[in-house]
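Q: I've got a model open and want to go through its pockets and packing. Can you walk me through it?

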Amino acid sequence: LAWAAPARAQGEVVVYCSVLQDWCQIMATEFEKTTGVKVTLSIKGSGETFAQIRAEEANPKGDVWWGGTGDPHLAAAEAGLSEEYRSAALSKLHPWARRQAEQSRFRTVGIYAGALGFTYNTEVLARKRVAAPACWKDLLKPEYRDEVQMSNPASSGTAYTVIATLVQLFGEDAAFAYLKDLHKNVSQYTRSGPAPSRNAARGETMVGIMFLHDAVAEAIAGFPLKSVAPCEGSGYEIGSMSLIKGGRNPQNARRWYEFALTPEAQSLAAKGKSYQTPSHPSAVVPAEAPKLADLKLIDYDFAKYGSAAERKRLIEKWEKDIGSQPR
């Protein structure tokens, strides 16, 4: 697949994109310029995209799902919603990206990694004379009443990663007791994973729970944010890519797949204000990107928490026990 050849290709590819809009657009523009293939983008969070692909199983509208947390990609693979594909570039990727492919029987692959945490607005914190949070349990303090935001696990892979992380850190009963207490301090469950960091940046909330790279992007833009890797430890995502089974443009979908695994394409992330760790070791890693080796990360069980049944069970439990409750 000589994706880098002069652009003479015909046709189109429909990409379901689950990263920030700027990054989606830059990738689409560069792919069109390189191949001549027209890109149609649908930009949604990974939870929403998984639901859409499942709903469209009998008549797929998309060709490739690019980006978003790896758990729903693994669930899609398990459900037979994605195609097996082994890129020639696979052996060149970081071990964690290859493991994602192997675990899914080569129905998805890791394209970046990012650690979970939270951020706070230093100006709001100072104005309200609140001590900076350092640990997950700090967010339960009464001074954070209505001052915390996180995304909704029904639409956001980020929020599901929060739930799965807390279950692995504390045990399921203690994790849901924590989430129930946290619910009292949550002012809003946003639709998308990055939204809490954007809202914290603009002073609409004091604290946002999200992936650390989302807060980095806001801080680089000049907003008064500090990022926190929780003292108890935290989970992480392997952002992934999958070919949608039965897509109408399989050849161009594979061309996108190969393009997205190149170091040149992965180095475009910073231009799209995204600061994850790319899966290709030769890709440029921005100096501002969180350094995963320096963080206290849990041994995240992607096999268990990437299964469709476990994901469905935990999200339904959260909706019943927490999301539906008054604050």
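A: Sure. One term to settle before we start: Ala, Val, Leu, Ile, Met, Phe, Trp, Tyr, Cys and Pro count as nonpolar, Asp, Glu, Lys and Arg as charged, and the others, Gly among them, as polar. Also, keep in mind that this is a predicted model.

Q: Ok, with those classes, how does the lining of the second largest pocket split up?

A: That lining has 5 nonpolar, 2 polar and 6 charged residues. The elements giving two or more residues to it are helix 8 (195-201) and helix 9.

Q: Which helix gives the largest share there?

A: Helix 9, with 3 residues.

Q: And what lies nearest the centre of that second largest pocket?

A: Leu20, Arg198, Ala217, Glu218 and Lys273, out of 13 lining residues. The space in the second largest pocket is about 230 Å³.

Q: Now the largest pocket. What's its volume?

A: About 470 Å³. It has 27 lining residues, and Ser18, Val19, Gly45, Ser192 and Pro194 are the ones nearest its centre.

Q: Which helices supply at least two residues of that lining?

A: Helix 2 (46-55), helix 6 (157-170) and helix 9 (212-220).

Q: And by class, how does the largest pocket's lining divide?

A: Into 6 nonpolar, 14 polar and 7 charged residues.

Q: Switching to closed spaces: how many cavities of 30 Å³ or more are there?

A: The count comes to 4. The largest cavity holds about 50 Å³ of space.

Q: What lines that largest cavity?

A: Trp23, Met27, Trp66, Ile111, Tyr112, Ala260, Ala265 and Gln266. By class that's 7 nonpolar, 1 polar and no charged. Helix 1, strand 4 (109-121) and helix 11 (263-266) each supply at least two of the lining residues.

Q: Helix 1 again, then. At what angle does it pack with helix 10?

A: Helix 1 (residues 21-35) and helix 10 (residues 250-260) pack at about 110°, and their axes are 11 Å apart.

Q: Why call those two roughly perpendicular?

A: Because angles of 65 to 115 degrees count as roughly perpendicular, helix 1 and helix 10 fall under that label. The crossing is right-handed.

Q: Which residues meet there?

A: From helix 1 you have Met27, Ala28, Glu30, Phe31, Thr34 and Thr35, and from helix 10 Asn252, Arg255, Trp256, Phe259 and Ala260. By class, that contact has 6 nonpolar, 3 polar and 2 charged residues. Met27 and Ala260 also turn up in the lining of the largest cavity.

How values were computed: Residues numbered from 1 in each chain as written. Predicted model: local features only at pLDDT ≥ 70, side-chain atom pairs only at ≥ 80, totals over all residues. Heavy atoms only, no water. 1 Å grid on protein atoms, 1.4 Å probe; cavity = no way out; pocket = protein on both sides within 12 Å on 5 of 7 lines; lining within 4 Å. Points joined across faces, edges and corners; volume = space filled by probe spheres on them. Helix = DSSP H or I, 4+ residues; strand = E, 2+ residues; numbered from the N terminus. Axes fitted to C-alpha atoms, helices over the stretch in contact; angles between N-to-C directions. Parallel < 35°, antiparallel > 145°, perpendicular 65-115°, else oblique. Left-handed = near helix turned anticlockwise from the far one by under 90°. Contact = heavy atoms within 4.5 Å.
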